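Please examine the chain below, moving from its overall form to a few individual positions. The explanation that follows keeps to that order where it can, beginning with one residue as a point of entry.

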Amino acid sequence: MRILAIVGVKNEGAFLIEWLAHHRACGFTDFLFYSNDCSDGTDLMLNRLQELGQLTHIRNEPSSPEGPQWSMLKSADKHPLRLAADWIMVLDIDEFVNIHIGARHIKDLIAAAPQATAFALTWRLFGNAGQIQMQDAPITASFTRAAPATLGWPWRAQMIKTLFKNDGSYRKLGVHRPRNLQEDSAPKWCDGSGRELDTAFHTNRIFSDYTRHNYQWAQLNHYPLGAAENYLVKADRGRANREASGFDMGYWIERNLNEVEDNSIAALDSSALRAKFHADPVLGPLHRAAFVWRKTRFAQLMQHEPWRALYGRILMTPPSHSLSPDAARQITRHLA
């Protein structure tokens, strides 16, 4: 079974080794990476990993007015790896698939619901946990405080990414879900707790019912913030989708959820492969240089008042808390 991950990156070399080692251990067999005008050596790391047979690397040349993410997806739609895959998932470098059943392998998830043609894996947001300085350490071990399993708001805490069967039911790739359903197709979607989902998910829905526990079989660990220093560098990089809003205090507040401890991802051990990558005479130095680049870029940004102001606001702002369903009705009662 060929399971393909499609990933776009820009200046994320400091996180690449951990991400790739984890998803190889999780069961992805093929990786199609697109790099976007990197300054930190991410593209050079991808070249080396391609030499080692670990992935396929394409330098993305955005041609779409919607931004590099949509250019990537349009290119990936025609790529031989996409055509040969049995299952596909579009992911970002700050998203980690976290399977809870069997050997914590994607094959275990697929086997648990053999009728499913798509799994809507719900984000579990991991907050900043009060960390200020960037550390060259695994993200999944450094940030273990997360949003609760159920909540009433913010709805963005329960957005999905989709693992879907490449059976021709969908004509196009999408950021959160496949697009352009064939008229004669009858997909069967399940959530991360194994429940069959309604037909709204077949065509356009991109978030789960956030009052339900969606993580019993699998979840998508999402680390959107990191340390406060890291957030400035991420904000400087910008969004891959031009239609998306920027990385500002609103983005920080809606995602800095630290209400529960969740270290479940540690049960899948990828340390041996991670160590092998770090020991490579090319990859190891490039990883260390990418981390130094991030620290240097943060120092450069702090020479400018708008960035100092954003950093100060981050340090002044306490951790966020999700709203209960009752509290959230003050917002949702106004929905049309």
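**From one strand residue to the whole chain**

Gln219 is a residue of strand β12, which covers residues 218–222. The model in which it appears is predicted. Because its relative accessibility is 1%, under the 20% limit, Gln219 counts as buried. Leaving aside residues up to four places away in sequence, Gln219 touches Phe96, Val97, Asn98 and His100. Its other contacts under that condition are Thr122, Arg124, Phe126, Asp262 and Ser264. Arg2 lies 217 residues from Gln219 along the chain, and the C-alpha atoms of these two residues are separated by 21 Å.

The setting of this residue is a protein chain with 13 helices and 13 strands. The chain has 336 residues, for which a compact globule would have a radius of gyration near 20 Å; the value for this chain is 19 Å, and therefore agrees with that expectation. Along the principal axes, the C-alpha atoms fill a box of roughly 55 × 55 × 40 Å. Among contacts in the chain with a separation of 6 or more, 77% are made by residues 24 or more positions apart.

The division between interior and surface can be described for the chain as a whole. Of the 336 residues, 54% count as buried. The accessible surface comes to about 14400 Å², and carbon and sulfur atoms account for 51% of that area. As for charge, the chain carries 38 positive and 35 negative side chains, and the centres of the two sets lie 1 Å apart.

Helix α3 offers a view of burial within a single element. The helix spans residues 68–76 and is mostly covered, with 7 of its 9 residues buried. These buried residues are Pro68, Gln69, Trp70, Ser71, Met72, Leu73 and Ala76. They pack against three strands named β1 (3–9), β2 (30–35) and β4 (87–91), and also against helix α4 (80–84) and strand β10 (179–181).

Gly67 is found in the loop between β3 (56–59) and α3. Gly67 has a relative accessible area of 0% and is therefore buried. His304 is 237 residues from Gly67 along the chain, and the C-alpha atoms of the two are separated by 27 Å.

Pro306 presents another case. This residue lies in helix α12, which comprises residues 305–316. Is Pro306 buried or exposed? Its relative accessibility is 60%, over the 50% limit, so Pro306 counts as exposed. Between the C-alpha atoms of Pro306 and Ile160, which are 146 residues apart along the chain, the separation is 32 Å.

The cysteines complete the description. The structure holds 0 disulfides. Cys190 is in no disulfide, and the nearest cysteine sulfur, that of Cys26, is 17 Å away. A disulfide requires a pair of cysteine sulfur atoms within 2.5 Å, which is why the sulfur of Cys26 does not pair with that of Cys190. Cys190 has a relative accessibility of 2% and so counts as buried. Cys38 is likewise buried, since its relative accessible area is 16% and the limit for burial is under 20%.

Note on methods:
Residues numbered from 1 in each chain as written. Predicted model: local features only at pLDDT ≥ 70, side-chain atom pairs only at ≥ 80, totals over all residues. Heavy atoms only, no water. Helix = DSSP H or I, 4+ residues; strand = E, 2+ residues; numbered from the N terminus. Rg over C-alpha atoms; globule rule 2.2 N^0.38 Å. Buried < 20%, exposed > 50% of the residue type's maximum accessible area, 1.4 Å probe, protein only. Contact = heavy atoms within 4.5 Å. Areas by Shrake-Rupley, 256 points an atom, 1.4 Å probe, with all protein chains shown as cover. Lys, Arg positive; Asp, Glu negative; His and termini not counted. Charge placed at Lys NZ, Arg CZ, Asp CG, Glu CD.
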